[in-house]
Every structure is written in C-alpha cells, then in structure tokens.
Amino acid sequence: MWPEYDRLLTQAARVHRLHFTGSTSEAHMAASEFMLRQADELWAVWDGGPARGYGGTPDVGACAAARGLPVRVIWPEGAPRGWAIPRPALTVAGGGIGPPA
C-alpha cells in the first residue's frame, strides 16, 4: 500500500514500534513525543495552519517547546505565518527569516 514507506523501513538500522495498532491522533502524538525524547532540537515544516487533529505540527511544536527544545519552523513558500507554537521557542527559517508580518 505504501511502497516508499516499506522500502525505507527495510533500510532502517533501528525501528521503534509503539503499542498502537491504528493510525489515530493519539498514536501520532505518542510517536512524536517518543521522537522528541530522542531529539536535541525540532525542525518543523509547517504550513501555518491549525492541526487537523491532536498530534499535528502545532501540538508537536508546543510539546517540544514545553520540554525546552529549540524549535525551528521551516515555512513552505506561500504559507501563512501563524503562531500556534509558543513564540519564544521559535527560530523561523525557509521562505523568509523573522517573525510574521
């Protein structure tokens, strides 16, 4: 069903599996929290919009910021620049540097 995912999975040196069996918002956020425990910094590609469910980019960015991790937002070309992620934690990159207009 997802040939590119399957191909990359077979090449992974290490795979972490959580206890979830379905692709739910809670599963996505749990996976993001697991990832954040391994990270020193979060780079988030964000379209500036609200999350479409729990575990979206603003939720993960806020969680990273709450943990004290630096959060760098990479804005795709033409993306509106929202601030759902706590402002003091952000470094803005890609598509423009600095706070939104």
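Surface patches are made here of residues that have over 30% relative accessible area and no salt bridge (a side-chain nitrogen of Lys or Arg within 4 Å of a carboxyl oxygen of Asp or Glu), with nonpolar side chains (Val, Leu, Ile, Met, Phe, Trp, Tyr) joined within 5 Å and like charges within 9 Å. The model is predicted, so that local features need pLDDT of at least 70 and side-chain atom pairs count only at pLDDT 80 or more, whereas totals for chains, interfaces and linings use all residues. Residues are numbered from 1 along each chain as its sequence is written, and side-chain values use heavy atoms, with hydrogens and water left out.

Met1, Trp2 and Tyr5 make a nonpolar surface patch of about 490 Å². Met1, found in the segment before α1 (3-11), is exposed (over 50% relative accessible area, with a 1.4 Å probe and protein chains only), its value being 87%.

Pockets were sought on a 1 Å grid over the protein atoms alone, a pocket being an open set of points with protein on both sides within 12 Å along at least five of seven lines, where a 1.4 Å probe fits, and lining residues having an atom within 4 Å of a point. The largest pocket, with a volume of about 440 Å³, is lined by 15 residues, of which Tyr5, His16, Arg17, Leu18 and Ala31 lie nearest its centre. Two or more lining residues are given by α1 and by α2 (25-38), and the largest share, four residues, comes from α2.

The second largest pocket has a volume of about 170 Å³; of its 13 lining residues, Pro50, Ala51, Arg52, Gly56 and Thr57 lie nearest the centre.

Methods. Areas by Shrake-Rupley, 256 points an atom, 1.4 Å probe, with all protein chains shown as cover. Buried < 20%, exposed > 50% of the residue type's maximum accessible area, 1.4 Å probe, protein only. Points joined across faces, edges and corners; volume = space filled by probe spheres on them.
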